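Me: I would like to go through the labels attached to this model and ask, for each of them, on what grounds it was given. Please set the values against the criteria as you reply.

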Amino acid sequence: MLREGEGVKKVRQSRLVAVLPLVALAACQPQLHPNLPVGDAAYATLDPALPPPGSSYLLSPGDVVTVNVFQEPDLTVENVAIDGAGNLYLPLIGQVQAGGRTQAEVSQDIQRAYAGGYLRNPQVAVVVKQSTSNILSVEGEVVRPGVYPIQPGSTLLTAMALAGSPTKTAKLDQVLVFRTVNGQRLGARFDLSDIRSGKAGDPLLLPGDVIVVGFSAVRGAYRDILDAAPLFNVFTRF
């Protein structure tokens, strides 16, 4: 039977054996997209991609709209979807390009088309009933990865809350934000711990952004050790 001093020594040795692999993992774990800008450069990368204040919403394929033609119920179309090519199809005038344009611009085009031989002084209003572009996706080490709708002014912390927060194995200094602007894919890396503590700003997000939360091999191994601890008596209860 082991004396008390020998038992404590055995436990300490077990702890050391368990912790050494974590040190090795910390030294060799690769970063997600190590070339992405961090710190102030990360915020500067995404800031130019923000829409100017007061900018109008641009219609997108998949948006559902209603086209109201004043005092013309036969020409009014409710809940029609913009197709994958960005087009609407309306009575008499057929195809109207809507994708990438504002509601006012599309309304004016429809008015001109109807005025060209069908109506006198037509009044048209295009109203968005359902937008498919006001969404972002959250991937990686979060409780509920998925696609979420966002409101203007949503931030990175908003996205984390929608996704149920990072998991216990998340690498909080490797939270990546990807954004496509004019066909160019931009990316930046943020430290969620600094944002939560107020040391860094909470970046604004836009529809279409993709957030990826990295995996910490160290935290993952630590969780494995904790799960196995009752079996191997590595840690004492307190």
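Reply: Let me begin with a criterion for helices: the expected span of a helix is 1.5 Å times one less than its number of residues. Helices (H or I, at least four residues) and strands (E, at least two) are themselves DSSP runs, numbered from the N terminus. The model is a predicted one, in which local features need pLDDT of at least 70 and side-chain atom pairs count only at pLDDT 80 or more, while totals for chains, interfaces and linings use all residues. Residues are numbered from 1 along each chain as its sequence is written, and side-chain values use heavy atoms, with hydrogens and water left out.

Me: How do you know what span to expect of α3, and what span does α3 reach?

Reply: Helix α3 has 13 residues, for which 18 Å is expected at 1.5 Å a residue, and from its first C-alpha to its last α3 reaches 18 Å, close to that expectation.

Me: Which residues of α3 are called buried, and what makes them line one face of the helix?

Reply: Buried means under 20% relative accessible area, exposed over 50%, and partly exposed in between (1.4 Å probe, protein chains only). In α3 the buried residues are V106, S107, I110 and Y114. Seen down the axis of α3, they fall within an arc of 100°, taken from the directions from the helix axis to the C-beta atoms, so they line one face of the helix. These buried residues pack against β1, β3 (87-90), β4 (94-97) and β5, where contact means heavy atoms within 4.5 Å.

Me: Why is Y114 called buried, and why does Y118 count as partly exposed?

Reply: Y114 has a relative accessible area of 0%, which is under 20%, so Y114 is buried. Y118 stands at 45% relative accessibility, between the cut-offs, and therefore counts as partly exposed.

Me: What makes the aromatic pair of Y114 and Y118 edge-to-face?

Reply: Rings of Phe, Tyr and Trp (its six-membered ring) pair if their centres lie within 6.5 Å; planes under 30 degrees apart count as stacked, over 60 as edge-to-face and the rest as tilted. Y114 and Y118 are 6.4 Å apart, centre to centre, with 80° between the planes, so both criteria are met and the pair is edge-to-face. The structure holds one aromatic pair.

Me: How do you know that β1 pairs with β5 and with β2?

Reply: Two strands pair if DSSP finds at least two bridges between them. Strand β1 (residues 64-69) is joined to β5 by six bridges and to β2 by three, so both pairings satisfy the criterion; each is antiparallel. V67 stands opposite V77 in β2 and opposite V126 in β5, while the bridge partner of N68 in β5 is A125.

Me: Why are β2 and β5 called edge strands?

Reply: The three strands form an open sheet in the order β2-β1-β5, and β2 (77-81) and β5 (124-130) each pair on one side only.

Me: What makes β1 largely enclosed by the rest of the structure?

Reply: Five of the six residues of β1 are buried, so β1 is largely enclosed. Over the protein, buried residues make up 35% of the 238 residues.

Me: Why is S193 called partly exposed?

Reply: S193, found in helix α5 (residues 192-197), has a relative accessible area of 36%, which lies between the two cut-offs, so S193 is partly exposed.
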